[in-house]
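Reader: I would like a close look at one part of this structure, the patch of nonpolar residues on its surface. Please set it beside what lies inside and beside the charged contacts.

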Amino acid sequence: MSQRVRRTVVGITAAVIAFLSAGQPASAHGFTSTAYVDVAEGNEGHIRTKLGLEYDLFVVSAADYEDDDPLFETGNAAFETGDSKEQAAALNAHAESAVRYVTERFSVTSDGSTCTPTRVGDFTIGRHEGVPYADLLLDWACSERGDDLEVRSGLFPDAETYVKGTKTIVTYELDGRSGSAALDAGHPSFSIGQAWYERFWEFFRLGAEHLLTGVDHILFLLALIAGSRRLREIVLVATSFTLAHSVTFMLAALGLVDAPAGIVEPVIALSIAVVAGWHLWRLWRRRGHASDLETAGRGHFSLDRAGWTRLGVVFYFGLVHGLGFAGALGIDAAWSWTLLWSLLVFNVGIETVQLAIIAALFPLLIVLRHRAPTAGLWATGVISAGVSAMGLVWFVQRTFGI
C-alpha cells in the first residue's frame, strides 16, 4: 500500500474517533439527571403526584432561581455531611422556595384546565442509584376532572446550565388506567389517554437516543467491529453482547440487582480498552494474518479458540454494560408488567441503533479488507488504538474522579 493511501486511511479513522470523543466528559454521557413522578388518586377527588428530585441539583437550582442563599448554604452543607435528616430539614425550612421552583416547571391539567397544587406533608429523602433524592407530595385540585389528563415537566432545563438532557420518568395508576412515560425537553408532556403505542414510542426513542449519545457504548461497538474477522463472528459477538446487557439491564432497572456506578462506569471504560487492545495485540502478533482464522471448530458457529474466548469476554463485559444502561435510565422501581414492557421497548431502541451501526460499518470493513487487505489492517489498527486510548483515559478519570 502506498504511503499516500496509508496516510489517508489513518487520517480518516483518527478523525472519526476524534469526532466521537471530542468534548466528552468522563461519564461519556454528559451530566444529566432523572426525575421521577408517580401519579395516583389523591384525597377528595384530587390527583396526587409524588416527585423524586436529585437532592443536590434540586437545592442548587431552587436556590439560584429563588435567589435563596440560605437554602443553598444549609442544603449544600447537609449534602456534604450525607445526613438525610439534615437534608430534609434544609428543604423544609425553605419549603416555599423549593415548592415554587417545582410548581413553575411541573404541571397537571385536566381537559385543558390547569390544576392547582398543594403540598402534602414535609419533604423526605430517598435514594436512587445511591444518590440522595428529595421526595415531594403534591395534591392537584382540578376544576374539571375529565379523561384528558396531561402531565407536563420542564424540570432542570438545559438553560439553567447545571445539567443537560434531564429525563422525567412518569408512572401512573389513575381512573382505571396504568402506564408509564418518558419526558424530556423535546417531548415535555403526555396524556394518560394516549394510545399504548405512543407511550412505548417514547421509551423506544429514549433507548435509541441513549445509545447515540453514549459515546462509550459506540466506541465499544467500534472495537467489536474492528476486531471481528467474519460476518459470522460479528453476528455472534453482537448477539452475545445483546443477550448479556439485556439480562442485567432488566434486572437492575427492576431493582433486582444493584451495582454502584462507582464500579460499573470504570469497568465499562476498561472493557472498551480491553476489547480494542485485544485486536491490537493480535495485529502485533500475527501481522498480515491477523484476520485469518485458526483451526475452526465444527458446527454451525465454526469459531476458532480465539473467537470463542473473545465471545466469552464480550458476554462478561455485556453484563456490565447492561448495568450502565440501567443506571442511565435510572429506574429501580418494583416489578410491574407495565414497567417491564416499557423497559423492553427501551432496550429494543438500544438494539435497533446498535444493529444499524453494525450493518452500516461492517460491510464497508469487509469490502476494504477484500480490495485492499493492508489498508484494512491499518484502518482497524488505527480505530482500535484510538478506542483503546479513550477507554484507558476514561478508566483513569472514572476511577480517580478526575
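Author: In this predicted model, Val247, Leu251, Leu256 and Val257 make a nonpolar surface patch of about 320 Å². One of these residues, Leu251, sits in helix 8. Leu251 has 32% relative accessibility, so Leu251 counts as partly exposed.

Helix 8 (231–253) also supplies at least two residues of the largest nonpolar core. That core has 53 residues, and Leu219 and Leu224 touch the most other members. Other contributors of at least two residues each include helix 7 (215–227), helix 9 (261–286) and helix 12 (373–400). The largest share, ten residues, comes from helix 11.

Now the charged side chains. A negative surface patch is formed by Asp64, Asp67, Asp69 and Glu73, and Asp64 lies in helix 2 (residues 55–66).

The whole structure holds eleven salt bridges. One of them joins the side chains of Arg105 and Glu160, at 3.2 Å from N to O. These two residues are 55 residues apart and link distant parts of the chain. Arg105 counts as buried because its relative accessibility is 15%, and Glu160, at 17%, is buried.

A further salt bridge pairs Arg205 with Glu209, with the closest N and O atoms 3.3 Å apart. Because they are four residues apart in helix 6, about one helical turn separates Arg205 and Glu209. Arg205 is buried, with a relative accessible area of 8%, whereas Glu209, at 34% relative accessibility, is partly exposed. Elsewhere, Glu66, Glu96 and Arg100 are joined into one network by salt bridges that share partners.

Methods. Residues are numbered from 1 along each chain as its sequence is written. This is a predicted model: local features need pLDDT of at least 70, side-chain atom pairs count only at pLDDT 80 or more; totals for chains, interfaces and linings use all residues. Side-chain values use heavy atoms; hydrogens and water are left out. Patches are made of residues with over 30% relative accessible area and no salt bridge: like charges are joined within 9 Å, nonpolar side chains (Val, Leu, Ile, Met, Phe, Trp, Tyr) within 5 Å. Accessible areas come from the Shrake-Rupley method with a 1.4 Å probe; for residues, only the protein chains shown count as cover. A salt bridge is a side-chain nitrogen of Lys or Arg within 4 Å of a carboxyl oxygen of Asp or Glu. Lys and Arg count as positive and Asp and Glu as negative; His and the chain ends are not counted. The place of a charge is taken as NZ of Lys, CZ of Arg, CG of Asp or CD of Glu. A nonpolar core is a set of buried Ala, Val, Leu, Ile, Met, Phe, Trp, Tyr and Cys residues joined through side-chain atoms within 4.5 Å. Buried means under 20% relative accessible area, exposed over 50%, partly exposed in between (1.4 Å probe, protein chains only).
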